[in-house]
Amino acid sequence: MSTLAHTMMTAARSADSGLAGPGELDRYPYAEAPGADRVVAPSWDAADQDLGRVGRRAAGSRGRGLHGQLVQQLGQMIVSGDLGADRPLVPEEIGQRFEVSRTVVRESLRVLEAKGLVSARPNVGTRVRPVSDWNLLDPDIIEWRAFGPQRDDQRRELSELRWTIEPLAARLAAGHGREEVQQRLADMVEIMGHSLSQGDAITFSRADAEFHSLLIQLASNRMLEHLSGIVSAALQVSGGPVTGCDRPTEASLVHHSRIADALAAGDGPGAEAAMRQLLTVHPEVERVVPAPREH
């Protein structure tokens with residue numbers, strides 16, 4: 001096993017020991033300090049009970065501190081439908097209910113506004129925006145939808161988007177001879193193979209995500225590269241151990257290896273075909289690729 005593989009295996013075991021297994025989603029605390037400083041959002045009584053509902057998210061969240069946690073909390077509540085379109089959000093009320101400062105509330109709402117989830121206008125205040133206004137390609141929104149009531153639609157849509165992006169990226173990548181990236185792809189296949197033999201799904205999924213990110217970078221198309229975060233998010237919510245979905249398989253490893261070999265040989269059509277085969281065996285894609293949906 002290469003040094004790179006050993007490093008990734010060790011890091012995954014130590015840093016990700018808190019990753020949630022199947023169905024293990026944690027309640028959100030609203031402070032990082034232990035003891036009396038830790039605050040959990042209280043229930044909102046009367047007509048506002050839904051606004052006080054504590055959201056759920058897999059451990060290992062990107063959100064950190066009060067600001068990050070409030071963004072996650074409110075974002076999940078909006079995406080799940082707990083806070084419907086045009087629902088007013090009063091900063092003072094949010095601060096009181098979640099026991100956070102005005103600054104935390106203000107900055108959190110700004111982040112949500114940048115994602116298209118809320119809008120703030122003079123004399124109108126802050127309100128939840130309709131789904132048509134959301135930035136559905138934002139990695140956070142992708143994840144919130146994938147763990148909410150829209151999970152099936154989200155995973156299907158992501159799979160269809162990957163089917164559009166990645167075969168093209170594989171064909172383009174074969175025309176660019178960046179040897180250091182080609183070697184890195186081969187390293188990821190090696191790591192995935194060792195992880196599969198060891199039953200280490202965490203390291204496998206990390207190497208898998210890096211493989212696909214590197215491939216898109218190798219395509220040397222900046223617009224495709226801009227979409228690499230979407231592919232990473234799709235892998236996380238549809239195939240990684242965090243979600244408790246299907247574990248890595250030998251078939252998946254074989255197709256990754258074929259893609260890497262085709263890229264190294266400069267075989268664009270071969271790389272594209274191997275990528276299509278890989279995506280077709282993915283459990284989420286298999287249901288949608290053979291025939292288009294009826295409208």
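**View 1. Helix α4, end to end, in a predicted model.** Start with helix α4, which takes in residues 102-114. How far apart should its ends be? At 1.5 Å a residue, its 13 residues should span 18 Å, and the end C-alpha atoms are indeed 18 Å apart, so expectation and model agree. Just past the helix comes Gly-116, whose phi is positive, at about 85 degrees.

**View 2. The two faces of α4.** Which residues of α4 are buried? They are Val-104, Val-105, Ser-108, Leu-109 and Leu-112. These five cover an arc of only 125 degrees around the axis, so they sit on the same side of α4. Turn to the face pointing away from that buried side and you find the exposed residues Arg-102 and Ala-114. What lies over the buried residues? The cover includes the helices α2 (65-80), α3 (91-98) and α5, along with the strands β3, β4 and β5.

**View 3. A little sheet of three strands.** The strands β3, β5 and β4 line up in that order to make an open sheet, and their pairing is antiparallel. At the edges are β3 (88-89) and β4 (118-121), each with a partner on one side only. Look at the join between β3 and β5: two bridges hold these antiparallel strands together, with β5 covering residues 125-128. To find your way here, look for Leu-89, which stands opposite Thr-126 in β5.

**View 4. Two loops with a positive phi.** Glycine isn't needed for a positive phi here: Glu-99 is another kind of residue, and its phi is near 55 degrees. You'll find Glu-99 in the loop between α3 and α4. Asn-123 is not a glycine either, yet its phi is positive too, at about 65 degrees. This one belongs to the loop between β4 and β5. Is Asn-123 buried or exposed? With a relative accessible area of 85%, Asn-123 is exposed.

**View 5. Gly-148, a buried loop residue.** Gly-148 is part of the loop that runs between α5 (139-146) and α6 (151-173). Its relative accessibility is 10%, so Gly-148 counts as buried. Which residue, 68 positions away along the chain, has its C-alpha atom 5.5 Å from that of Gly-148? That would be Ser-80.

**View 6. Gln-154 and what it touches.** Gln-154 is a residue of helix α6. Its relative accessible area is 3%, so Gln-154 is buried. Leaving aside residues up to four places away in sequence, Gln-154 touches Ile-141, Ile-142, Arg-145 and Ala-146. Leu-136 is 18 residues from Gln-154 in sequence, and the C-alpha atoms of the two are 9.6 Å apart in space.

**View 7. An arginine over a tryptophan ring.** Here, Arg-276 lies over the face of Trp-163. The distance from Arg-276 to the ring centre is 5.1 Å. And how many aromatic pairs does the count give? It comes to zero.

**View 8. Stepping back to the whole chain.** To place the close-ups, here's the chain as a whole: 13 helices and five strands. The chain has 295 residues, and 46% of them count as buried. Take the contacts with a separation of 6 or more: 71% of them are between residues 24 or more positions apart.

Key
Residues numbered from 1 in each chain as written. Predicted model: local features only at pLDDT ≥ 70, side-chain atom pairs only at ≥ 80, totals over all residues. Heavy atoms only, no water. Pairing = 2+ DSSP bridges. Helix = DSSP H or I, 4+ residues; strand = E, 2+ residues; numbered from the N terminus. Phe/Tyr/Trp six-rings, centres within 6.5 Å; stacked < 30°, edge-to-face > 60°. Lys NZ or Arg CZ within 6 Å of the ring centre and 35° of its normal. Buried < 20%, exposed > 50% of the residue type's maximum accessible area, 1.4 Å probe, protein only. Expected span 1.5 Å × (residues − 1). Arc of directions from axis to C-beta. Contact = heavy atoms within 4.5 Å.
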